[in-house]
Amino acid sequence: MIFHASFAASDPQRVATLIAELWGGAAMPFPPVGRASWVAMAGDLAGSVIEIYSADEALHPGPFEAKVHPGTTPARFGPTHFAISTRRSETEVFALAAREGWQARTCWRGAGEPGTGPGFGVIEVWIENRLLIEVLAQEMQRDYL
C-alpha cells in the first residue's frame, strides 16, 4: 500500500485540485514541504495523499531527513508515474483533463487487445502535458484487481 506520493508541477494548486476532483477529496496548501506546495487528499480510510511541489524544487538528502531545495531545473519528461482510482466515469475524467488542456486517452495494459487477454484499461492523463498518471474508472478497477 502506498500512503502518499509526491511530484513536482508548474502549478501545484491546479494539479492538486484536479487530483482531488478525481478522488472526490480535497486540495489545500501544504507549506511544510515547500514554498508553493499543495496536497490532494482522497478522504479514504487509508489516508491517501499526493503532495505536489513547485517544479523548481526537489528533495535532497539532509543530515537528518530529506530537505526541499529550490532552484532545481525540472525535466520535461521522466519515468515517474502512478495509477489512481476514481469514482468518476471515463467521460468525466476526459472532461476534467480537457478543461485543463491536458492530453488524455484510454489505453490497454496487458496482452493482446481489450477483451482478448489478461489486462486492464487505464486513462492516461498527462498532468501539465508532461507527467503521466493512470486513472482507473470503476469498470477498469475490476479488471486491474
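**Entry 1: contacts and overall form**

I began with the contacts in this predicted model, and I found that, among contacts in the protein chain with a separation of 6 or more, 48% are between residues 24 or more positions apart. I then turned to burial and noted that 38% of the 145 residues of the protein chain count as buried.

For the overall dimensions, I looked up the radius of gyration, which is 16 Å for the protein chain and agrees with the value near 15 Å that a compact globule of 145 residues would have. Taken along the principal axes, the box that the C-alpha atoms fill is roughly 50 × 30 × 30 Å. The protein chain exposes about 8200 Å², and I noted that carbon and sulfur atoms supply 58% of that area.

**Entry 2: secondary structure**

I listed the elements next and recorded three helices and 10 strands in the protein chain. Read along the sequence, they follow the pattern β-α-β-β-β-β-β-β-α-β-β-β-α.

**Entry 3: charges and salt bridges**

How many positive and negative side chains does the protein chain have, and how far apart do the centres of the two sets lie? I recorded 11 positive and 16 negative side chains, with the two centres 3 Å apart. I then looked up the salt bridges, of which the structure holds eight, and I followed three of them in detail.

The side chains of Glu21 and Arg99 meet in a salt bridge, at 2.8 Å from N to O. This pair links distant parts of the chain, since Glu21 sits in helix α1 (residues 12–23) and Arg99 in helix α2 (residues 90–100), 78 residues apart. I checked the accessibility of each partner: Glu21 counts as partly exposed because its relative accessibility is 22%, and Arg99 is also partly exposed, with a relative accessible area of 47%.

I next examined Glu124, which forms a salt bridge with Arg105, the closest N and O atoms being 3.0 Å apart. Here too the pair links distant parts of the chain, with Glu124 in strand β9 (residues 119–127) and Arg105 in strand β8 (residues 104–110), 19 residues apart. Are the two partners buried or partly exposed? Glu124 is buried, because its relative accessible area of 8% falls under 20%, whereas Arg105 is partly exposed at 41%.

Glu21 and Arg99 came up again when I traced shared partners, for salt bridges join Arg14, Glu21, Arg99 and Glu100 into one network.

**Entry 4: the loop between β9 and β10**

The third bridge took me to Glu128, whose side chain meets that of Arg130 in a salt bridge (3.6 Å, N to O). I noted that both Arg130 and Glu128 are buried; for Glu128 the relative accessibility is 13%. Glu128 is found in the loop between β9 and β10, the latter strand spanning 131–136.

I then looked up backbone angles in this loop, bearing in mind that most residues other than glycine have a negative phi. Which value does phi take at Glu128? I found phi of Glu128 near 50 degrees, a positive value in a residue that is not glycine. Asn129, which lies in the loop between β9 and β10 as well, has a positive phi of about 55 degrees, although Asn129 is not a glycine either.

My closing note on this loop is that Glu128 has a positive phi and is also a partner of Arg130 in a salt bridge.

Key:
Residues are numbered from 1 along each chain as its sequence is written. This is a predicted model: local features need pLDDT of at least 70, side-chain atom pairs count only at pLDDT 80 or more; totals for chains, interfaces and linings use all residues. Side-chain values use heavy atoms; hydrogens and water are left out. Helices (H or I, at least four residues) and strands (E, at least two) are DSSP runs, numbered from the N terminus. The radius of gyration is taken over C-alpha atoms; the globule rule is 2.2 Å times the number of residues to the power 0.38. Buried means under 20% relative accessible area, exposed over 50%, partly exposed in between (1.4 Å probe, protein chains only). Contact means heavy atoms within 4.5 Å. Accessible areas come from the Shrake-Rupley method with a 1.4 Å probe; for residues, only the protein chains shown count as cover. Lys and Arg count as positive and Asp and Glu as negative; His and the chain ends are not counted. The place of a charge is taken as NZ of Lys, CZ of Arg, CG of Asp or CD of Glu. A salt bridge is a side-chain nitrogen of Lys or Arg within 4 Å of a carboxyl oxygen of Asp or Glu.
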